[in-house]
Amino acid sequence: MLELRNINYETGNFQLHNISFRVEDGEYFVLLGPSGAGKSVLLELIAGLTFCDSGNIIFKGKDYTDAPAWKRPFGLVFQDLSLFPHMNVYDNIAYSLKRLKLDKNSISQSVEELSIELEIQHLLYRKPDSLSGGEQQRVALARTLALKPSVLLLDEPLSAVDVSLQHELRALLRKINRNGVSIIHVTHSFEEALAMAQRVSIIEKGTIIHTGTAHEVFERPKSSFIANLSGHRNFFKVRVSREPDSDLLRAEVSPGNPIYCYGNPLLTEGFVLINHENIVLSLDKPDLSTRNNFHGVITDLHPSRHGFEITIDAGILLHAQLTAESVQKFSLEQGSKIWACFKASSVTLID
Amino acid sequence: MIKSTWPELFQVSQNRDVRESILLTLAASMLGTLLLAIPGIPLSYMLARKQFPFRRFVIGLVDLPVVIPHSAAGIALLGFLSKDSFFGSGMAHLGIEFIGKPAGIAMAMAFVSLPFLLNAAREGFASVPLRLEQAALNLGATPSQVFFTISLPLAWRSILSGLIMMFARGMSEFGAVVIIAYHPMTSSVMLWEWFGAYGLKYARPIAVLVILISLIFFILLRLLSKNDDPVSRKKRKKNDA
């Protein structure tokens with residue numbers, strides 16, 4: 001098991017703050033975050049290419065915090081791959097094996113096995129600059145796997161290849177993981193995280209804000225970044241107070257714009273999530289039992305996969321979906337006034 | 001220059017002193033270049049990659065031999081190499097003397113031309129992407145293995161160019177050499193002496209001969225490094241295709 005304990009690191013204006021997580025043996029762990037969140041730096045810290053200001057990196061009970069890069073059992077595949085341009089594919093893959101001073105036959109056998117596993121045996125005597133992006137990615141993986149790392153660190157491994165190759169590479173990474181290699185995969189792509197992760201950590205502005213299974217993290221997001229990624233457009237940070245003589249909670253996005261919901265009465269701050277499917281739209285003031293009724297102006301209306309997506313400015317920006325027929329029937333356009341209503345019970349309050 | 005006739009050039013080339021001075025010049029410059037390359041190349045790598053106190057000052061210091069009068073460089077070197085100095089006396093105990101000796105000439109030539117190698121090699125190392133060195137470290141290579149397997153081969157073209165320039169500049173050195181060793185005579189010292197003693201008519205053929213030989217050597221070295229020239233590689237690839 002690899003464990004990061006309270007890692008702190010500062011350089012210039014960038015900071016990693018109190019990073020802690022564990023990766024179990026054989027686990028596929030994804031670190032998801034926007035650009036500049038600190039994902040790549042975290043991988044470099046684990047690989048020993050840079051050193052943290054405080055905290056510990058523990059693997060199988062041994063402290064690797066201050067160990068030099070060449071003594072760590074972690075193989076890093078860089079985002080730009082960094083294949084050695086003056087060596088052919090064979091020599092790139094054999095690089096780490098030559099450092100181990102293995103005999104020529106063993107090296108040759110290992111390179112051959114890896115090249116078969118990664119389907120690059122026909123490329124062995126070509127230079128990296130003559131390979132396609134997908135081929136280079138496979139070579140970089142083979143080169144790192146040659147060292148038989150205990151943990152494979154992947155920095156945005158699918159960002160440089162097209163969609164069809166992404167599927168191939170995902171299958172390959174799963175295969176490598178099934179062979180027992182723990183993987184920490186860094187990405188900014190929600191789909192990638194969802195497709196690959198057994199567990200996922202969300203990193204934003206140098207801090208880990210949520211760790212769990214993909215289901216746990218994306219169903220109950222703890223940041224607008226994740227809410228947006230997972231398609232939750234109505235996601236607000238709120239101050240929470242109790243309604244007198246009621247189970248209802250008053251969640252204020254901004255003063256005077258409360259959203260009524262149910263949840264933990266002890267909360268004072270949190271996030272609310274409103275699924276757009278639960279928002280009912282009406283031109284006239286509706287006579288409904290809904291506790292949340294907002295009157296606003298349509299500020300944006302554009303076609304989407306399921307009809308039209310509209311944005312309503314009602315003090316807070318609410319996003320809802322309508323069918324094309326409804327848009328036509330109500331003659332909705334930008335500037336139209338509309339009511340947006342939803343039940344308190346349809347609001348999810350997240351701590 | 002073109003007033004020198006072929007018979008004159010032939011006659012000069014038959015002169016034993018002239019032949020020996022040219023050979024001494026070539027050998028001393030080659031020896032000095034190779035000797036100072038051993039500490040010079042790692043120093044260039046340090047200047048390109050490592051941060052340390054007074055780094056900028058050291059980079060400035062590297063260019064000093066180029067900007068100071070070479071006779072002054074020679075006098076400074078004389079203080080360092082003479083038997084009165086710590087280094088000079090230590091080397092004398094090992095049987096190596098510098099003043100009035102080919103070893104001193106090699107040192108004088110190398111000292112004033114070292115900046116050509118250091119600057120070219122430093123730029124070469126700086127142009128190697130740091131990521132490649134980090135990738136090698138991650139693949140289990142120690143820093144010295146990274147230097148020899150990644151940094152040095154990738155910066156080699158610049159280093160070779162620096163070595164050729166250092167060798168060529170060393171051959172032409174006069175100011176520092178004449179202070180360390182008037183005898184045995186290098187070609188530049190011999191030219192100066194012949195010009196002073198016998199005049200332009202006698203000095204001209206030896207000047208032409210030295211220029212021709214320097215030119216031949218320079219072109220030969222450049223041809224040897226042709227394989228590393230990206231333009232000629234491109235041309236070869238095109239021809240292969």
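## Phe54(B), out in the open

Phe54(B) counts as exposed, since just 9 other C-beta atoms sit within 10 Å and the cut-off for exposed is 12 or fewer. This is a predicted model, by the way, so keep that in mind for everything below.

Where does Phe54(B) sit? Look in chain B, in the loop between helix 2 (16-49) and helix 3 (55-62). The backbone is worth a glance too: Phe54(B) is not a glycine, yet its phi is positive, at about 65 degrees. As a rule, most residues other than glycine have a negative phi.

## Lys148(A), another positive phi

Over in chain A, Lys148(A) is also not a glycine and has a positive phi, of about 50 degrees. You'll find Lys148(A) in the loop that runs between helix 4 (133-145) and strand 7 (151-155) of chain A.

Is Lys148(A) buried or exposed? Exposed, because it has 12 C-beta neighbours inside 10 Å, and 12 or fewer is what exposed takes.

## A cis bond before Pro184(B)

Back in chain B, check the peptide bond from His183(B) to Pro184(B): it is cis, with omega near -10 degrees. Most peptide bonds are trans. Pro184(B) belongs to the loop between helix 10 (175-180) and helix 11 (187-198) of chain B.

## Thr323(A) and its partner along the chain

Thr323(A) lies in the loop between strand 18 (317-322) and helix 9 (324-329) of chain A. With 11 other C-beta atoms within 10 Å, Thr323(A) is exposed.

Thr323(A) also pairs up with Gly307(A) in space: the two are 16 residues apart along the chain, and their C-alpha atoms are separated by 4.4 Å.

Conventions
Residues numbered from 1 in each chain as written. Chains lettered and ligands numbered in written order. Predicted model: local features only at pLDDT ≥ 70, side-chain atom pairs only at ≥ 80, totals over all residues. Helix = DSSP H or I, 4+ residues; strand = E, 2+ residues; numbered from the N terminus. Buried ≥ 20, exposed ≤ 12 C-beta atoms within 10 Å, placed from the backbone.
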